[in-house]
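Biologist: Before we discuss this chain, please put the sequence and the structure in front of us, and then explain how each term is earned.

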Amino acid sequence: VTVVAEAGFHVVQEGDTSYRMTAWDGHLRYFGQEPSPNIILTDDAAKSVLTAGSVKSWGEAFSSIVARNPRLTVALCFSFSAGMRRAFGEPSLSLILVAPTSTAKSTVQQVCASLTGKPEVVAWNATNQGMQEWLSHRPDLVACVEDLQQADKPEDILQVLMNTGNNAARLRAGRGKGASQARSIEATLILSSEKPLASLVSRASSGVLARCFEVHAGAHGMFDDPCEAGDPGLLANQLKQSASANYGAMWPKWLKVLSKSWDQVKDWHIERLPKLRNSILRRAGYCEPDELTGRLVNRLAFATFAGCVASELGLWAVTPQEVQAAFGLVLKEHLERQPPTGNALSAVALDAVRAYIETHRANFSPLSAINDPNVRAGLVGYTTDDPGHGLLFLFDPFVFATLFSDCGAELLPALRSAGYLATKRTRHNQYEKKVATGDKGKRRSMFFIAVKNDIRYAPERK
């Protein structure tokens, strides 16, 4: 007998048969096999889940509004995907809703949370360990966390995104005890923030950027159409009330119909996923994405697929065409937010340099003081006025490479393409300057990475 004690997706091997199943609300739903009498539920997996309303009342409360609001459609598709992602072995993708305060970000999160249970949204005011522990107890569910800007350490956000994207199991140790492996993180995150990720953290690698996707505010905050409510605030209140009255009933229904229709859904996955990828790219007006955007689109395509499956199986009244249009729109907006240099990593690279200079501006000395025997504490570089480029911030090339190592090879091409890098024609990415050596007026050439002061006044990315 095999005992399943935790909710979520499981693979159980019995002889030559590999059983793939998900445990929820005291039931096992099998994906592709007949139930085994030798697998039983206990503990969390056997618990009933509190619900309110019904599948029908949930659909009546939300479907028509969702169909007219692409951002809400996309967020709910991410939520549906949480229940089937591991069954297909698909990589995780976190969604970040970005908009100013009072623009219905938390309302969208509450609607998403209502799929699986109470419409709870937690604030990012826990420790890094506490947040990861909470997430680890939501396997194969959506997890909604608001106010990323409240994180004490921005690096904690990056760590959670990486650990969730890698489905990482962490090591933990108690006082006087050895290290033990903590639960892995298998949740699908829907996060919200008043600022883009690039404004919260100074450096984000391509690995992080491929594991999260930002949806920014539309015409009415997170809404595109206030529908019959006529006002975004009134619509937000209506949705909050509906989420409080209709929650939890949809998830067991979703898992049940997935299990019952698994062979068909599996065929759809093989046949339709590449088509959906091409569809959202075409709707975004994009043909050949770069490597990073391509990885994002592959993961977006699976969330699109989940929404389309929910439509085909009668879970909601949003059509597959409306789902694809919604993803095409948010992808188009994402691509338009990127600078001419090409991709999200380039944008973050520029933001990293901009943020560093703005934060450490007082720690750059005039280049004329380079031979000063009393080196000031905290010195990070030099400044000089150039007749052709204006004020320049000069970095030692090795120091520059160390400071921005996470930005990779994208950084210097991004700076050069955006017009923020001052160079000498013969040195490609470096700037040459004759500097007095202090030895009877002799001068020698020194080479720097020279960033123009103009970068500080570049328009902030929305």
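**Terms and their grounds**

Modeller: Strand 2 and strand 3 (residues 17–24) run antiparallel and are joined by seven bridges. This is a predicted model, in which local features need pLDDT of at least 70 and side-chain atom pairs count only at pLDDT 80 or more, while totals for chains, interfaces and linings use all residues. Residues are numbered from 1 along each chain as its sequence is written, and side-chain values use heavy atoms, with hydrogens and water left out.

Biologist: Why is it said that strand 2 and strand 3 pair?

Modeller: Two strands pair if DSSP finds at least two bridges between them; seven bridges join strand 2 to strand 3, so the condition is met. Within this pairing, phenylalanine 9 stands opposite threonine 22 in strand 3.

Biologist: What makes strand 2 and strand 4 edge strands?

Modeller: In the open sheet of three strands, with the order 2-3-4 and antiparallel pairing, strand 2 (8–14) and strand 4 (27–30) each pair on one side only. From one strand to the next, the twist averages 35°.

Biologist: How do you know that helix 10 touches strand 3 and strand 4?

Modeller: Contact means heavy atoms within 4.5 Å, and helix 10 (residues 250–260) packs on the sheet, touching both strand 3 and strand 4. The direction of helix 10 makes about 35° with that of strand 4, where axes are lines fitted to C-alpha atoms, for helices over the stretch in contact, and angles run from 0 to 180 degrees between N-to-C directions.

Biologist: Why are Trp251 and Leu255 of helix 10 called buried?

Modeller: Buried means under 20% relative accessible area, with a 1.4 Å probe and protein chains only; Trp251 and Leu255 are among the residues of helix 10 in that class, so the name applies. The cover over the buried residues of helix 10 includes strand 3, strand 4, helix 1 (55–67) and helix 2 (70–81). In the chain as a whole, buried residues make up 52% of the 462 residues.

Biologist: How do you know that strand 6 and strand 11 also pair, and in which sense?

Modeller: Strand 6 (residues 94–98) and strand 11 (residues 188–193) share four bridges in the parallel sense, so the rule for pairing is satisfied here as well. Both belong to an open sheet of five strands in the order 7-8-11-6-12, and leucine 95 stands opposite isoleucine 190 in strand 11.

Biologist: What counts as a helix or a strand, and how many does the chain have?

Modeller: Helices (H or I, at least four residues) and strands (E, at least two) are DSSP runs, numbered from the N terminus; the chain comes to 16 helices and 18 strands.

Key:
Buried means under 20% relative accessible area, exposed over 50%, partly exposed in between (1.4 Å probe, protein chains only).
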